[in-house]
Amino acid sequence: HTTHFMKRLELIMGRNIPNAGKVSDNMINDFIKSEIIPHFEYGTFIDGEGLWKGEFENTKIFYIEVPDSEAIATSVLLKHIADRYRKAFRQESVLVSEVSTQTTFV
């Protein structure tokens with residue numbers, strides 16, 4: 001087993017639309033198919049729950065582990081996707097985060 005030093009990048013997309021309901025499963029799935037899947041060969045989607053300004057909201061989280069050498073390009077791409085999501089669903093903000101990890105593939 002080899003340990004790799006990598007970056008985990010996360011895109012956290014809230015599903016409340018200000019004054020207009022929620023981003024439905026169909027809406028988020030269409031966004032994922034058109035805006036995320038074409039750019040990545042792997043990654044993980046998680047359904048989450050969170051708070052934004054004291055209000056409960058469901059979230060969709062996409063995360064990916066990449067080598068340090070790919071972190072900057074991946075971060076730029078995720079920020080572009082986040083901006084498209086923000087505009088498409090009138091979000092105040094969309095979170096992109098990055099953490100350093102030690103990953104072992106077994």
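**Strand order, pairing and selected residues of a predicted model**

Trainee: What percentage of the 106 residues of the chain counts as buried?

Mentor: This is a predicted model, in which local features require a pLDDT of at least 70 and side-chain atom pairs a pLDDT of 80 or more, whereas totals for chains, interfaces and linings use all residues. Residues are numbered from 1 along each chain as its sequence is written, and side-chain values rest on heavy atoms, with hydrogens and water left out. A residue is called buried under 20% relative accessible area, exposed over 50% and partly exposed in between, with a 1.4 Å probe and protein chains only. By that criterion, the buried part of the 106 residues comes to 35%.

Trainee: Which pattern of helices and strands does the chain follow along the sequence?

Mentor: Helices (H or I, at least four residues) and strands (E, at least two) are taken as DSSP runs and numbered from the N terminus. The chain has 2 helices and 4 strands, and its C-alpha atoms fill a box of roughly 50 × 30 × 20 Å along the principal axes. Read along the sequence, these elements give the pattern β-α-β-β-α-β.

Trainee: In what order do the 4 strands stand in the open sheet?

Mentor: Two strands are taken to pair if DSSP finds at least two bridges between them. By that rule, 9 bridges join β2 to β3, 9 bridges join β1 to β3, and 10 bridges join β1 to β4. The pairing is antiparallel throughout this open sheet, and the strand order is β2-β3-β1-β4.

Trainee: Why is one side of β2 and of β4 left without a neighbour in the sheet?

Mentor: Neighbouring strands of this sheet are turned by 30° against each other on average, direction ignored. Each of β2 and β4 (95-104) has one side free because its position in the sheet leaves it with a single partner strand, and that position is at the edges.

Trainee: Which residue in β4 stands opposite H4?

Mentor: The register between β1 and β4, which run antiparallel, can be followed through individual residue pairs. F5 stands opposite Q102 in β4, and the partner of H4 in β4 is T103.

Trainee: And across the other pairings, which residue in β3 stands opposite D47?

Mentor: β1 also pairs with β3 in an antiparallel manner, and there K7 stands opposite V66. For the antiparallel pair of β2 and β3, the residue in β3 that faces D47 is K60.

Trainee: Which residue takes a positive phi in the hairpin of β2 and β3?

Mentor: Positive phi values also occur in two loops of this model: N19, in the loop between β1 and α1, has a phi of about 60° although it is not a glycine, and R90, in the loop between α2 and β4, has a phi near 50°. The hairpin of β2 and β3 has 2 residues between the strands, and the residue there with a positive phi, near 55°, is K53.

Trainee: Is N19 buried or exposed?

Mentor: The two loop residues are best judged by their relative accessible areas. R90, at 48%, is partly exposed. N19 has a relative accessible area of 86%, so its class is exposed.

Trainee: What angle does the direction of helix α2 make with that of β1?

Mentor: Axes are lines fitted to C-alpha atoms, for helices over the stretch in contact (heavy atoms within 4.5 Å), and angles between N-to-C directions run from 0 to 180 degrees. Helix α2 (residues 68-88) packs on the sheet and touches β1, β3 and β4, and its direction makes with that of β1 an angle of about 5°.

Trainee: How far apart are the C-alpha atoms of R8 and E65?

Mentor: R8, in strand β1, is partly exposed with a relative accessible area of 27%. Leaving aside neighbours within four places in sequence, the contacts of R8 are Y63, I64, E65, S97, E98, V99 and T101. Although R8 and E65 are 57 residues apart along the chain, their C-alpha atoms are separated by 4.4 Å.

Trainee: How far apart in space are D30 and Y42, C-alpha to C-alpha?

Mentor: D30 is found in helix α1 (residues 25-36) and counts as partly exposed at 49% relative accessibility. D30 and Y42 are 12 residues apart in sequence, and their C-alpha to C-alpha distance is 18 Å.

Trainee: What percentage of the contacts with a separation of 6 or more comes from residues 24 or more positions apart?

Mentor: The pair of R8 and E65, 57 residues apart, is one of the contacts listed for R8. Over the chain, among contacts with a separation of 6 or more, the part from residues 24 or more positions apart is 70%.
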